[in-house]
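Hi everyone, thanks for coming. I'd like to walk you through one protein today, starting with the overall layout and then stopping at a few residues.

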Amino acid sequence: MCCLLLKKNLLILFLLIVPVVFIHADDYGVITGNNVRIRSEASTKSSIAGELYKGMKVKIVEEVKGENILGSDKWYKITHFSFYEEGFVHSKFLALGNEKETFLKTFKKNQFDNQLKEIFSSKEIKKINEFEALFQNIK
């Protein structure tokens, strides 16, 4: 009885700790293209769930296989604060790992702000930046 209780407690402890160990900085990627369409499925034929812009960070949910584009069927299921559902983006529009770090070093925040200025008013941009900062803190 004592061994069974000990095994049960160890299993519970294991299930609580292991997910925390695997959460790290590589659970996000950076969009590398402009007006990248986020799809409802891993296919260009699926509906558009949203659009993201160069330099935006997205949370990676999982890697999936989907429509083959330019020799690659690698897609990612992602989330971003600008749309409420998970969506899919092809790997060619997403920088991860060392590629992400290199991209972020060369991509300046003011480039992203200039892109936003073409679409939104300064008041709207301020709200977007505040909301994005809030979202990043929640993660």
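**A walk through the fold**

Let me start with contacts along the chain: if you take the contacts between residues at least 6 apart in sequence, 50% of them join residues at least 24 apart. Please keep in mind that this is a predicted model.

Now the layout. There are four helices and seven strands. Reading along the sequence, you get α-β-β-β-β-β-β-β-α-α-α. The protein has 139 residues, and 32% of them count as buried. About 9600 Å² is exposed, with carbon and sulfur atoms supplying 60% of that area.

On to the inside. Which residues make up the largest nonpolar core? There are 12: I31, V36, I38, L52, Y53, M56, V58, I60, Y76, I78, V89 and L94. Three strands, β2, β4 (57–69) and β5 (72–80), each supply at least two residues of this core. If you would like one residue to click on, try I60. Beyond its neighbours within four places in sequence, I60 contacts D27, Y28, G29, Y76, K77, I78, L94 and L96.

While Y28 is on the screen, have a look at its ring. The charged end of K100 sits over that ring, 3.7 Å from the centre. As for aromatic pairs, the structure has zero.

Next, some serines in loops. Two of them share the loop between β2 and β3: S43 and S46. Is S43 buried or exposed? S43 is buried, because its relative accessible area is 17% and the cut-off for buried is under 20%. Its side chain reaches the backbone nitrogen of K45 at 3.0 Å. The S43 side chain also makes a polar contact of 3.3 Å with the side chain of E67. Leaving out residues up to four places away in sequence, S43 touches E67 and W75.

S46 is buried as well, with a relative accessible area of 13%. What does the side chain of S46 find at 3.1 Å? A polar atom of that side chain lies this distance from the backbone oxygen of E41. Setting aside neighbours within four places in sequence, S46 is in contact with R39, S40 and E41. Here is a longer reach along the chain: S46 and F88 are 42 residues apart, yet their C-alpha atoms are separated by 9.8 Å.

Now over to S91, in the loop between β6 (83–90) and β7 (94–95). S91 is buried too, at a relative accessible area of 18%. Its contacts, again without the neighbours within four places, are S72, K74, W75 and Y76. So you meet W75 again here, since S43 touches W75 as well.

Last stop, the backbone. Most residues other than glycine have a negative phi. Which residues here have a positive phi although they are not glycine? N35 is one of them, with a phi of about 55°, and L70 is another, at about 50°. N35 is in the loop between β1 (28–31) and β2, while L70 lies in the loop between β4 and β5. How do they sit with respect to solvent cover, and what are the values? N35 counts as partly exposed at 42% relative accessibility, whereas L70 counts as exposed at 76%.

That's my tour, and I'm happy to go back to any residue you'd like to see again.

How values were computed. Residues numbered from 1 in each chain as written. Predicted model: local features only at pLDDT ≥ 70, side-chain atom pairs only at ≥ 80, totals over all residues. Heavy atoms only, no water. Phe/Tyr/Trp six-rings, centres within 6.5 Å; stacked < 30°, edge-to-face > 60°. Lys NZ or Arg CZ within 6 Å of the ring centre and 35° of its normal. Buried < 20%, exposed > 50% of the residue type's maximum accessible area, 1.4 Å probe, protein only. Contact = heavy atoms within 4.5 Å. Areas by Shrake-Rupley, 256 points an atom, 1.4 Å probe, with all protein chains shown as cover. Polar contact = N/O pair within 3.5 Å; in protein donor to acceptor, adjacent residues only side chain to side chain. Core = buried A, V, L, I, M, F, W, Y, C linked by side-chain atoms within 4.5 Å.
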